[in-house]
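Please look through the sequence and the coordinates below before reading on. The paragraphs that follow begin with one packed pair of elements and then widen to the rest of the chain.

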Amino acid sequence: PCVVFINGEYWGIHNIREKINEHYIASHFDVDTDNIDLLENQGNPIIGDAENYNMLIDYITNYDLLIRNDYEVMEMITKDYKVLIIADEVTRIKNWKAKRTVNMKKLRPFYRLGLTGLPLENHLSELYNIVDWLGMSRSMFGYYSQFRQKYMITDEYGNVVEYINLSDINRKIKYVMYRKKKEDVLPDLPGKIINNYYIELTESELADYHFIEDMLNSVLAKIDEFGIKKVYNEVLAWMTLSRMFCDYPELIRMSDSESANKIKPYVRTTKHTKLSELMNLLNNELEDRKVVIFTQFSRMADVIYDMIKDRHVYLLSGKVKNRQDVIDTFNNDDSNAIFISTDAGAYGVNLQSASYMINYDLPFNPAVLEQRIARLHRIGQKEVVNVVNMIVKHEELVEKRVEEILGNKYKMIQEVIE
């Protein structure tokens with residue numbers, strides 16, 4: 001069949017083309033692609049012996065281009081030819097409302113293959129959407145309404161409060177999923193050790209935090225009256241501010257958001273315990289180690305960078321343009337360098353020259369956390385990877401809630417996938 005590869009990230013198209021020497025990009029279709037940014041339909045020469053290569057990839061695109069320029073061409077190809085679509089990072093179509101998902105489901109290729117490290121991230125509906133694109137949802141689960149009724153318990157507003165019968169999904173999903181664990185394909189890969197590093201805030205920090213907590217609780221109280229959908233954005237805003245405060249209270253004063261402006265007068269503390277603990281780790285216990293630090297907030301990444309810029313330190317975020325140069329320079333740096341990254345900059349990054357990783361804050365999404373760890377724990381790693389999760393430990397604070405949410409999601413994934 002004609003083979004179409006849909007890459008998970010925009011920048012990754014170029015990476016694939018750099019590695020495409022081991023494959024052949026064939027030209028089978030007489031289509032005008034002058035206005036198609038990166039859809040590949042030109043025969044490219046390969047390096048080496050072509051007879052040794054047994055995989056033909058005819059077109060390479062990605063989900064963002066599929067929304068724009070490439071869709072009409074893709075639609076024409078899938079109508080006129082027997083096509084295999086290989087969808088990398090297939091969880092990109094987990095949201096049935098997203099335009100990329102709508103376009104993907106309009107295409108009707110003869111063969112469909114989805115690639116992902118974790119087919120389930122936050123909700124069971126994500127798994128249903130992927131299986132739906134594969135064309136197997138109705139035969140396995142019925143309509144989505146039937147799927148919800150059998151596997152989810154919802155409240156009066158339709159919000160999921162509990163998942164049930166997960167062993168039944170586990171049994172059915174095995175018919176459409178071929179799974180290999182990292183230890184199966186990389187038996188010589190060193191292991192990883194994950195530790196939680198709990199931090200206690202000072203009394204002045206806790207006193208200021210409770211202003212944020214009171215605002216968050218007042219918003220949460222609205223859920224019973226209006227439902228989560230009505231107040232979701234407010235809840236998210238206050239949850240974000242709570243997390244920013246735990247990271248570094250000054251982030252609140254740096255923010256221009258409406259919610260932040262409401263509480264700025266109440267954020268008086270000059271303490272920043274979590275950041276101080278990070279500096280203590282870097283300057284003492286990890287002084288002789290090459291370290292990677294992840295945070296969800298770009299301003300937090302900037303703050304950490306400014307605190308340690310007298311050392312060999314590299315910063316990668318969504319706004320960095322020369323990302324591959326930053327990555328290559330860090331990997332080739334033989335000193336005890338430090339690499340700081342946001343999640344926006346983390347996809348496709350290979351950082352196996354380091355073996356020590358600090359999660360300065362935890363994401364809500366298990367897949368994001370696994371992506372972070374996989375930047376170091378991958379082919380080429382020579383040492384055991386040490387992962388440290390920095391968590392403000394007070395039970396009533398948001399970081400303990402995030403830890404609990406992550407634990408519940410991992411449990412659901414375990415029951416469905418394992």
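In this predicted model, a convenient place to begin is the contact in which Glu 205, Asp 208, Tyr 209, Ile 212, Met 215, Leu 216, Val 219 and Leu 220 of helix 10 meet Val 231, Glu 234, Val 235, Trp 238, Met 239, Leu 241, Ser 242, Phe 245 and Cys 246 of helix 12. Sorted by character, the residues of this contact between helix 10 and helix 12 comprise 13 nonpolar, one polar and three charged. Helix 10 spans residues 203–220 and helix 12 spans residues 228–247, and the two pack with their axes 9 Å apart at an angle of about 170 degrees. Because angles over 145 degrees count as roughly antiparallel, helix 10 and helix 12 are roughly antiparallel to each other.

From this pair one can turn to the nonpolar interior. The largest nonpolar core has 70 residues, and those with the most contacts inside it are Leu 278, Leu 282, Ile 293, Ile 304 and Ile 358. Helix 12 supplies the largest share of this core, namely eight residues. Ile 293 shows how such a residue is surrounded: leaving out residues up to four places away in sequence, Ile 293 touches Leu 278, Leu 282, Ile 304, Ile 338, Phe 339, Ile 340, Ser 341, Ile 358 and Tyr 360. In soluble globular proteins, nonpolar side chains tend to be buried together.

For the protein as a whole, 19 helices and 14 strands are found, and 49% of the 418 residues count as buried. Its accessible surface comes to about 21400 Å², with 49% of that area belonging to carbon and sulfur atoms. Of the contacts between residues at least 6 apart in sequence, 73% join residues at least 24 apart.

Helix 18, covering residues 366–374, is mostly covered, with eight of its nine residues buried. Those buried residues are Pro 366, Ala 367, Val 368, Leu 369, Gln 371, Arg 372, Ile 373 and Ala 374, and their packing partners are helix 9 (182–185), strand 9 (192–199), strand 10 (291–295), strand 13 (356–359), strand 14 (385–392) and helix 19 (398–417).

Helix 4, which runs over residues 99–106, has Thr 101, Asn 103, Met 104 and Lys 105 among its buried residues. The buried residues of helix 4 pack against strand 1 (2–7), helix 2 (63–67), helix 3 (71–80), strand 5 (83–87) and helix 5 (124–133). In the loop between helix 4 and strand 6 (111–114) sits Pro 109, which is buried at a relative accessible area of 3%. Apart from neighbours within four places in sequence, Pro 109 is in contact with Thr 78, Val 83 and Ile 85, while its C-alpha atom is separated by 9.6 Å from that of Met 74, 35 residues away along the chain.

Two loop residues deserve a separate look for their backbone angles. Most residues other than glycine have a negative phi. Glu 89, in the loop between strand 5 and helix 4, has a positive phi near 45 degrees and is partly exposed, with a relative accessible area of 22%. Asn 165 likewise has a positive phi, of about 55 degrees, although it is not a glycine. Asn 165 lies in the loop between strand 8 (160–163) and helix 8 (166–173), and at 40% relative accessibility it counts as partly exposed.

Technical notes: Residues numbered from 1 in each chain as written. Predicted model: local features only at pLDDT ≥ 70, side-chain atom pairs only at ≥ 80, totals over all residues. Heavy atoms only, no water. Axes fitted to C-alpha atoms, helices over the stretch in contact; angles between N-to-C directions. Helix = DSSP H or I, 4+ residues; strand = E, 2+ residues; numbered from the N terminus. Parallel < 35°, antiparallel > 145°, perpendicular 65-115°, else oblique. Contact = heavy atoms within 4.5 Å. Nonpolar A, V, L, I, M, F, W, Y, C, P; charged D, E, K, R; others polar. Core = buried A, V, L, I, M, F, W, Y, C linked by side-chain atoms within 4.5 Å. Buried < 20%, exposed > 50% of the residue type's maximum accessible area, 1.4 Å probe, protein only. Areas by Shrake-Rupley, 256 points an atom, 1.4 Å probe, with all protein chains shown as cover.
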